[in-house]
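User: Please take a close look at the salt bridges in this model. I would like to know which parts of the chain they join and how covered the partners are.

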Amino acid sequence: MSVQRRPVFPEFDPDEVSSNPSANRPFHEVAAARFSRRSVLASGAVAAAAGFLTGSTGTAQATPGPAPAGPTGRRPTLGFTPVPTSDADGITLPAGYEAQVIIPWGTPIRPGGPAWRKDASNSAADQAQQVGMNHDGMHFFPLGKGAEGSRRGMLVLNHEYIDQQLLFPDGDAEMTREKVAKALAAHGVSIVELVRTDDHGWQVADSPRARRVTTDTPVTFSGPVGPRHPALRADGPPRGTINNCSHGVTPWGTYLACEENFNAYFGTERPGWEPTPEQARYGIDHEGFGYRWHEADPRFDIAVNPHEANRFGWVVEIDPMDPDAVPVKRTALGRIKHEGCVTTEARGRIVAYTGDDQDGDYLYKFIGEGTWRDQRARGRSPLDHGTLYVARFEDDGTGRWLPLTHGTGPLTRADGWADQADVLLRTREAADAVGATPMDRPEWIAVNPANQDVYCSLTNGSGRGGAANPRTPNPYGHIIRWRESRGDNTATTFTWDIFLLAGDPAYDERTDLSEDTRFGSPDGLWFDPDGRLWILTDVSNSSQNLPEKGYDRIGNNQMLAADPHTGEIRRFLTGPRGCEITGVITTPDQRTLFVNVQHPGEATPAWGEPTPGNPRAVSNWPDFDPEGRPRSATLAIRRTDGGVIGA
């Protein structure tokens, strides 16, 4: 099968960016203006979307030559035969690859723990000792150096949300306190120890480090919004983390779980209640996403406990090696719907990028104060001290990071901002106030290890006030990238461009993709140590496989690999029906690739809807048990010849 090559990514050194105001200007307007300046919207197709602006002529120019080698010294080659799209209820991999299904939902986190019951009759107490539901972002922390570190390690993974039709034997027709307790236990984070067996498989080890962090686990707060802040006062001490989507990893070896759609779980039946402007800005309303937990547990009744919601929407730091360590919510990183929190190091300082995954919201960057090693030597968290910025993109291909600092610009007492804690509790409103650029669902962010360029997936959007794309609407999404000034990730100016416009050329000729590389709704992004960019998709089940949505030829969700230098793209994996492909990491030797398959069998118009009487209506992956139900799970993928994944 043919593959596609795209323009070479040139070198550049951006000048100081323009200071012309463009307060809250939707990014589809910015992008359209930029592409118009470059004359690349020829015949409706973006002819040179990948080339960065160079010189002063406004034309895209490619600089030929070899790509820099990644940290391993290898070139980011793509050496596998791409697979076709698929709508089958299973996994497709290239020739010469095989996958083992490990730690599906309900697996005991230690051998001997409560066994999975295929009728979903496990109790809340059982679920608190089992792997949670709907696997998402994850990381492998090696136990040992050299070969031993690729044979044994702690796998830490998020559980974004639950499907109540599959979690309970009788579905969610009636909501009870026990059901809420089980749902809380199915959320959060799983920490399991894996060991590779002699036959190259993986199994769960009996580990003292293994544990669950659920929505009932005690947590604490650190940074400007401290644990005693009045906005955090609710019934009982702070507990838990919820709707953990993607993640991050710190240079000092901790895991960052990110809280996304926390508004989903709150609601109320109190007559006359209306959300405050602050609550409404985060999507809090009477019903949430229809979980109805407030009917059985007042913790989630927003009228009874209005401050409980303030305890969510943060980045949560977890120590995977210490089972007694209390998870810490790092408030200096802001309160938004965090998709992930990707860190890098520049001039010894910690830099963290995060996207607010909602149509019309923003991209953020945190720059630590001083070097992170010095901060830790002084007994301070590098994530508690620094400056949070939000991005503004200009139509000349430049951009700025705007500080969200109390007393700066409009963020003053005179304008209604009490202090820095207030700015961070209302991060979205602060970003509105300073004139950030609305984006089209900014999701995963990845930093190229070869040159520190930053990539962000924008999954899709309506174009109503923030489609980060020259297309309006934007059902297929795309990937943007930027380079910080002088290659310094602590800089507050950058140059940006669009790396890739996703889509199906049969429906949208503006896409950068060919018949063989078509995909939509990019979500997960991750660079492996050699510099391959792995792209994971999240086509909504409301669109998956439907011709009226332009997704019938794209098939089930998938995973692709791209060479950022040559632009070559190949499809590596397709998933089962109703799923999302998410969460990706390799062992240090790159001989095992872990990938998560989330929500197989979830309701989709193309295939049907699971019910208590027929939970297998859409998918029966991975067990294919006629009396079971679909389960999110992790794939451990290897090459049969033992080689490096993707090479």
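Analyst: Eight helices and 29 strands make up the secondary structure of the protein, which is a predicted model. Of its 647 residues, 63% are buried. The accessible surface comes to about 21500 Å², with 48% of that supplied by carbon and sulfur atoms. Among contacts between residues at least 6 apart in sequence, 67% join residues at least 24 apart.

The salt bridges number 42 in the structure. One of them pairs E627 with K118, with 3.7 Å from N to O. E627 sits in the loop between β28 (593-598) and β29 (633-639), and K118 in the loop between β3 (97-102) and α2 (124-127), so this salt bridge ties together parts that are 509 residues apart in sequence. E627 has a relative accessibility of 57% and counts as exposed, because the cut-off for that class is over 50%. K118, at 35% relative accessible area, is partly exposed.

A second salt bridge joins E193 and R152, whose closest N and O atoms are 2.5 Å apart. Here both partners belong to strands: E193 to β6 (residues 188-196) and R152 to β5 (residues 152-159), with their positions 41 residues apart in the sequence, so to speak a link between distant parts of the chain. E193 is buried, at a relative accessible area of 4%. R152 is partly exposed, at 24%.

In a third salt bridge, D504 meets R553, and the closest N and O atoms are 2.8 Å apart. Loops hold both residues: D504 lies between β22 (493-501) and β23 (522-527), R553 lies between β24 (533-537) and β25 (558-562), and the two are 49 residues apart. The relative accessible area of D504 is 0%, which makes this residue buried. R553 is partly exposed, with a value of 24%.

Salt bridges can also share partners. In this model, such sharing joins D216, R239, R299, E308 and R311 into one network.

The strands of the E193 and R152 pair also come up in the packing of helix α4. This helix covers residues 177-186 and is mostly covered, with seven of its 10 residues buried. The buried ones are K179, V180, K182, A183, L184, A185 and A186, a set that includes the lysines K179 and K182. They pack against β5 and β6, the strands that hold R152 and E193, and also against α2, α3 (164-167) and β8 (211-213). After α4 comes G188, which has a positive phi, near 100 degrees.

Nonpolar side chains form cores as well. The largest nonpolar core has 37 residues, and F572 and F594 touch the most other members. Another core lies apart from it and has 34 residues, including F221, L383, L388 and A430.

To return to the request, the three pairs described here differ in where their partners lie. The E627 and K118 pair joins two loops, with E627 exposed and K118 partly exposed. The E193 and R152 pair joins two strands, with E193 buried and R152 partly exposed. The D504 and R553 pair joins two loops, with D504 buried and R553 partly exposed.

Technical notes. Residues are numbered from 1 along each chain as its sequence is written. This is a predicted model: local features need pLDDT of at least 70, side-chain atom pairs count only at pLDDT 80 or more; totals for chains, interfaces and linings use all residues. Side-chain values use heavy atoms; hydrogens and water are left out. A salt bridge is a side-chain nitrogen of Lys or Arg within 4 Å of a carboxyl oxygen of Asp or Glu. Helices (H or I, at least four residues) and strands (E, at least two) are DSSP runs, numbered from the N terminus. Buried means under 20% relative accessible area, exposed over 50%, partly exposed in between (1.4 Å probe, protein chains only). A nonpolar core is a set of buried Ala, Val, Leu, Ile, Met, Phe, Trp, Tyr and Cys residues joined through side-chain atoms within 4.5 Å. Contact means heavy atoms within 4.5 Å. Accessible areas come from the Shrake-Rupley method with a 1.4 Å probe; for residues, only the protein chains shown count as cover.
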